[in-house]
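Trainee: I've got this one open on my screen. Can we walk through how it's put together?

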Amino acid sequence: MSDWKRVCAIGDLVDKDLKEFDIDGTRIVVTRSGADVFAYPLRCPHMDEPLSSGMCDGATVTCSFHLWQWDLRTGESTGEAEIDLLIYPTKQEDGALFVDVSNVLSYD
Ligand code: FES
C-alpha cells in the first residue's frame with residue numbers, strides 16, 4: 001500500500017542540492033539530479049550523522065563525515081559503505097514531488 005505525501009514543488013529543488021524535509025515525523029533528504037529526484041533518510045546508516053550536509057554528484061551521494069557513498073538509484077554502496085542506504089519511492093505529478101516514506105525501493 002502506498003502513502004504518497006506532497007513534499008514540494010519540483011521547481012523548489014536546486015540541482016545537486018541536498019534538502020531536508022519532515023514528512024509526518026520522518027526526516028528525509030531530497031536530492032535533484034537533472035530530471036531525477038531521490039529521497040532517503042536524513043540519518044546516515046553509518047553513525048547517524050545528517051546526510052543533508054553531504055554532497056551529490058549525478059546519482060551518487062557522499063556522506064560528509066566519513067565519505068561513505070551510495071548510488072541513489074538503488075541505495076547500494078559505491079565505495080566503502082558497509083550498509084546500503086534506504087531509498088524512498090518518489091513520483092512527480094503536476095510539477096510537485098511526492099514521496100512515500102512508508103515504503104522503500106527494492107531491487108531484489
Ligand atoms: S556518519 Fe556517514 S559515513 Fe560515517
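## Core and sheets

Mentor: Sure, and keep in mind that this is a predicted model. Let's begin with a hairpin.

Trainee: Which residue in the turn between S2 and S3 has a positive phi?

Mentor: Strand S2 covers residues 18-23 and pairs with S3 in the antiparallel sense, over six bridges. Asp 22 stands opposite Arg 27 in S3. Two residues sit between the strands of this hairpin, and the one in the turn with a positive phi, about 50°, is Asp 24.

Trainee: Which strand gives the most residues to the largest nonpolar core?

Mentor: That core has 23 residues, and those touching the most other members include Ile 28, Val 30, Ala 39 and Tyr 88. Strands S3 (26-33), S4 (36-41) and S9 (96-99) are the elements that give two or more residues to this core. With four residues, the top contributor is S4.

Trainee: Leaving out residues up to four places away in sequence, what does Ala 39 touch?

Mentor: Ala 39 is one of the core residues that touch the most other members. With those sequence neighbours left out, Ala 39 touches Ile 28, Val 30, Tyr 88, Thr 90 and Val 99.

Trainee: Now the open sheet: which strands stand at the edges?

Mentor: Three strands make up this sheet, in the order S5-S6-S7, with antiparallel pairing. S5 and S6 (residues 60-62) are joined by three bridges, and Asp 57 stands opposite Thr 60 in S6. One side of each edge strand has no neighbour in the sheet, because each has a single partner strand; the edges are S5 (55-57) and S7 (69-71).

How values were computed: Residues are numbered from 1 along each chain as its sequence is written. This is a predicted model: local features need pLDDT of at least 70, side-chain atom pairs count only at pLDDT 80 or more; totals for chains, interfaces and linings use all residues. A nonpolar core is a set of buried Ala, Val, Leu, Ile, Met, Phe, Trp, Tyr and Cys residues joined through C-beta atoms within 7 Å. A residue is buried if 20 or more other C-beta atoms lie within 10 Å of its own, exposed if 12 or fewer, and partly exposed in between; C-beta atoms are placed from the backbone. Two residues are in contact if their C-beta atoms, placed from the backbone, lie within 7 Å. Two strands pair if DSSP finds at least two bridges between them.
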